[in-house]
Each structure stands twice: as structure tokens, then as C-alpha cells.
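Hi there,

Here is the structure I promised to pass on. Please have it open while you read, and my notes follow below.

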Amino acid sequence: MKLQVSIDLLSLEQAMNLLQDVAAYVDVIEAGTPLIKQEGLKVVETFKKFFPDKLIFADMKTMDAGELEAEMAFKANADFTTVLAVSNDATIEGAVAAARKYNKYVTADMIGVHDRVKRAVELEKLGVNYLELHTGLDEQAHGGVSRLDELQTLRGMVKIPLSAAGGIKEDTIQQVEAAGAQIAAVGAAIYAAKSPKEAARRIREKITSS
């Protein structure tokens with residue numbers, strides 16, 4: 001399972017300082033939505049420039065203009081971009097078209113989806129590359145947690161890779177892996193830790209598959 005660090009900080013300088021400490025322990029670097037909105041897609045370009053051996057994830061959370069926004073992310077050297085699973089199918093098809101043009105990946109973020117099994121099957125048919133089971137920050141603030149049972153259910157319904165995001169910590173990373181995630185996105189458990197470097201190292205050590 002790949003480890004993704006989700007960087008929801010608000011400045012490129014803070015993000016780069018963090019990455020100097022944790023990049024060695026992660027496979028995927030995520031430019032979080034707040035960071036992209038604050039600093040623009042230059043953060044994606046910078047991440048790829050300084051960490052060319054890492055996969056770069058632009059969390060665009062696109063809801064409309066799927067092909068245009070995905071192409072913007074890919075031109076900035078993102079390897080992944082996100083489109084919201086609740087978007088119109090035409091939006092998702094546009095993002096997929098851009099991914100195929102640039103030989104990149106589209107992740108459908110399942111945040112806000114009520115019937116996740118039904119939508120997951122539809123999204124696979126639409127051609128997305130990954131499905132992300134995401135418990136958002138606001139949902140976490142109101143007691144929401146990552147739903148490992150849903151992750152296991154989705155793993156049995158679709159063939160495309162799954163990722164999990166939202167509230168994942170050192171003591172739950174192995175459960176996420178066992179439930180069938182190919183990518184685990186860890187945010188605050190790394191960037192808000194007393195020692196982000198040590199937190200990333202410990203989480204990496206608990207992942208057993210490549």
C-alpha cells in the first residue's frame with residue numbers, strides 16, 4: 001500500500017519545510033485543496049520539481065469543467081487529480097479524457113455520496129482510475145470516522161484501486177491496509193505531529209505491502 005501525505009497547510013513555504021522532513025517516507029505527495037486555492041497550481045509544479053521521484057496528487061475536487069480543470073492540473077505536472085464523485089457524469093468523462101490524453105490518473109472523491117456502492121460501479125464504468133473513500137474535515141469534526149466496512153464492501157464491488165482518506169492515524173493504518181486500500185492518505189497525523197518526520201517514519205513502518 002502506498003502512503004500519501006495530504007498537505008492541507010496554507011503556504012508553499014510551510015509545505016516545503018514539511019516535505020524536507022517527510023518525503024523520504026511517502027510515495028505520494030498531495031497538494032491539498034486549501035493549499036491550491038491559497039497558492040495556485042505553482043505548488044504542484046514546485047512539488048514535482050523538487051521531488052521528481054514522487055507521485056504528485058493535485059486535490060482539485062473538481063465539480064464542473066472536468067476536462068479543463070484536469071488538464072490544468074496535468075499541465076502543472078500532477079500525476080493525479082480529483083473530481084468529485086457527485087459531479088455530473090459529463091464532468092467525470094471530461095476529466096477522464098484529459099487523463100488519457102496526458103497518460104495520468106483521475107481519482108473520484110466519494111465525499112458526499114450516499115449510495116457509495118452504486119456510484120462506485122458507475123464511476124468504474126466511466127473510466128476513473130481510483131476511488132477515494134473520504135471522510136472530510138467537517139465530517140470528522142462532527143464525529144465522522146473512516147468507514148473500513150465500506151472500504152471492504154467497495155473492494156468486493158469494483159476492480160479499480162481504492163484509496164482511503166480522512167482521520168487515518170498510526171494506530172489505524174494497518175486496518176486501512178487490511179480493508180483493501182491501495183493508497184492511504186494521511187494528513188494531520190503527520191503534518192500536525194510534534195515531529196512530522198517521526199510520525200511519517202512510524203506510519204511507514206506499519207505498512208506491510210508495497
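Helix H1 passes helix H3 in a right-handed crossing. Keep in mind throughout that this is a predicted model. H1 covers residues 12-22 and H3 covers residues 42-50, and the two pack at an angle of about 25° with their axes 11 Å apart. That angle makes H1 roughly parallel to H3, because angles under 35 degrees count as such.

If you would like to see who meets whom, look on the H1 side for Leu 12, Ala 15, Met 16 and Leu 19; their partners in H3 are Lys 42, Val 43, Thr 46, Phe 47 and Phe 50. Sorted by class, the residues of this contact are seven nonpolar, one polar and one charged.

There is another helix pair to show you. Helix H6 (residues 116-126) packs against helix H8 (residues 148-157) at an angle of about 40°, and their axes are 10 Å apart. Here H6 is oblique to H8, and the crossing is again right-handed. From H6, the residues involved are Arg 116, Val 117, Ala 120, Val 121 and Glu 124, while H8 brings Glu 150, Thr 153, Leu 154 and Met 157. The contact of H6 with H8 has five nonpolar, one polar and three charged residues.

Now to the aromatic rings. How many aromatic pairs does the structure hold? The count is five. One of them joins Phe 80 and Tyr 130 in an edge-to-face arrangement, with 5.2 Å from centre to centre and 65° between the planes. Phe 80 sits in strand E4 (residues 80-84) and Tyr 130 in strand E6 (residues 130-134), so this pair ties together parts that are 50 residues apart in sequence. Phe 80 has a relative accessibility of 2% and therefore counts as buried. Tyr 130 counts as buried too, at 14% relative accessibility.

Tyr 130 also forms an aromatic pair with Tyr 105. That one is edge-to-face as well, at 6.1 Å centre to centre and 85° between the planes. It links distant parts of the chain, with Tyr 105 in strand E5 and Tyr 130 in strand E6, 25 residues apart. Is Tyr 105 buried or partly exposed? At 34% relative accessibility, Tyr 105 counts as partly exposed, since that label covers values between 20% and 50%. Put together, Phe 57, Phe 80, Tyr 105 and Tyr 130 form one aromatic cluster.

While you are in strand E5 (residues 105-109), have a look at Thr 107, which is found there. Its relative accessibility is 1%, so Thr 107 counts as buried. Leaving aside residues up to four places away in sequence, Thr 107 touches Phe 57, Phe 80 and Tyr 130 from the aromatic cluster. Its other contacts are Thr 81, Thr 82, Val 83, Leu 131, Glu 132 and Ser 163.

For contrast, try Lys 75, which has its place in helix H4 (residues 66-75). Lys 75 counts as exposed because its relative accessibility is 56%, and the label applies over 50%. Its C-alpha atom is separated by 8.5 Å from that of Tyr 102, although the two residues are 27 residues apart along the chain.

Happy browsing, and do write back with any questions.

Best wishes

Technical notes
Residues numbered from 1 in each chain as written. Predicted model: local features only at pLDDT ≥ 70, side-chain atom pairs only at ≥ 80, totals over all residues. Heavy atoms only, no water. Helix = DSSP H or I, 4+ residues; strand = E, 2+ residues; numbered from the N terminus. Buried < 20%, exposed > 50% of the residue type's maximum accessible area, 1.4 Å probe, protein only. Axes fitted to C-alpha atoms, helices over the stretch in contact; angles between N-to-C directions. Parallel < 35°, antiparallel > 145°, perpendicular 65-115°, else oblique. Left-handed = near helix turned anticlockwise from the far one by under 90°. Contact = heavy atoms within 4.5 Å. Nonpolar A, V, L, I, M, F, W, Y, C, P; charged D, E, K, R; others polar. Phe/Tyr/Trp six-rings, centres within 6.5 Å; stacked < 30°, edge-to-face > 60°.
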